[in-house]
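This briefing introduces a protein structure to a reader who has not met it before. Please keep the sequence and the three-dimensional view at hand while reading.

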Amino acid sequence: MEITNAYDAVLTPTVTQPPRPVGWFEDVDDPEETFERMKRFAAFPAIYNVSGQPAVNLPLHRSAGGLPVGVMLAGRIGEEGLLISLSAQVEAARGGFWGARRPPVW
């Protein structure tokens with residue numbers, strides 16, 4: 001992608017909505033609506049999944065319910081090392097992503 005050629009990394013939301021309940025994507029009878037829900041929910045990662053460009057999710061925030069909310073860093077093809085290094089630096093600056101904080105499993 002042209003934007004990742006201009007910068008070392010690009011920061012975007014990982015998903016566009018809070019976590020959805022199990023079955024939310026398929027709880028409609030229209031397959032087109034199911035696909036639209038998927039596209040709206042994961043619009044940013046889909047671009048990198050299709051292009052094969054490296055990207056990482058960093059759990060930098062928590063929802064009011066305690067669920068992790070991530071941001072995504074994407075980079076140039078072949079620059080996985082840069083993303084891993086940048087991720088490690090962010091994690092160190094933050095004092096770790098998880099520590100004792102663990103989301104509940106339902």
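The points below treat the sheet, the helices, the salt bridges and two individual residues in turn.

The structure is a predicted model. Three strands form an open antiparallel sheet, and helix α3 packs on that sheet. The structure also holds five salt bridges, three of which are described here: Arg76 with Asp8, Asp27 with Arg37, and Glu33 with Arg37.

**The sheet**

- The order of the strands in the open sheet is β1-β3-β2, and their pairing is antiparallel.
- Strands β1 and β2, the latter covering residues 55-62, form the edges, since each of them pairs on one side only.
- On average, and with direction ignored, neighbouring strands of this sheet are turned by 30° against each other.
- Four bridges connect β1 and β3, which pair in the antiparallel sense.
- Pro13 stands opposite Val71, a residue of β3.

**Helices against the sheet**

- Helix α3, made up of residues 43-51, packs on the sheet and touches β1, β2 and β3.
- The direction of helix α3 makes about 40° with that of β3.
- Helix α4 lies across β2 and β3 and runs at about 15° to β2.

**The salt bridge between Arg76 and Asp8**

- Arg76 forms a salt bridge with Asp8, and their closest N and O atoms are 3.4 Å apart.
- Arg76 lies in the loop between β3 (68-74) and α4 (80-94), while Asp8 lies in the loop between α1 (2-6) and β1 (10-13), so the pair ties together parts that are 68 residues apart in sequence.
- Arg76 counts as partly exposed because its relative accessibility is 23%, which lies between the limits of 20% and 50%.
- Asp8 likewise counts as partly exposed, at 49% relative accessibility.

**Salt bridges around Arg37**

- Asp27 forms a salt bridge with Arg37, in which the closest N and O atoms are 2.5 Å apart.
- This pair links distant parts of the chain, with Asp27 in the loop between β1 and α2 and Arg37 in helix α2, ten residues apart.
- Asp27 is exposed, with a relative accessible area of 51%, whereas Arg37 is buried, with a relative accessible area of 13%.
- Glu33 also forms a salt bridge with Arg37, the closest N and O atoms being 3.3 Å apart.
- Glu33 and Arg37 are separated by about one helical turn because they are four residues apart in helix α2.
- Glu33 is partly exposed, its relative accessible area being 26%.
- Asp27, Glu33, Arg37 and Arg40 are joined into one network by salt bridges that share partners.

**Met38 in helix α2**

- Met38 is found in helix α2, which spans residues 31-41.
- The relative accessible area of Met38 is 38%, so this residue is partly exposed.
- When neighbours within four places in sequence are left aside, Met38 is in contact with Phe25 and Glu26.
- Met38 and Phe25 are 13 residues apart in sequence, and their C-alpha atoms are 6.7 Å apart in space.

**Ser87 in helix α4**

- Ser87 is found in helix α4.
- Ser87 counts as buried because its relative accessibility is 10%, and buried means under 20%.
- Not counting residues up to four places away in sequence, Ser87 touches Val56, Leu58, Leu73 and Phe97.

Conventions: Residues numbered from 1 in each chain as written. Predicted model: local features only at pLDDT ≥ 70, side-chain atom pairs only at ≥ 80, totals over all residues. Heavy atoms only, no water. Helix = DSSP H or I, 4+ residues; strand = E, 2+ residues; numbered from the N terminus. Buried < 20%, exposed > 50% of the residue type's maximum accessible area, 1.4 Å probe, protein only. Contact = heavy atoms within 4.5 Å. Salt bridge = Lys/Arg side-chain N within 4 Å of Asp/Glu carboxyl O. Pairing = 2+ DSSP bridges. Axes fitted to C-alpha atoms, helices over the stretch in contact; angles between N-to-C directions.
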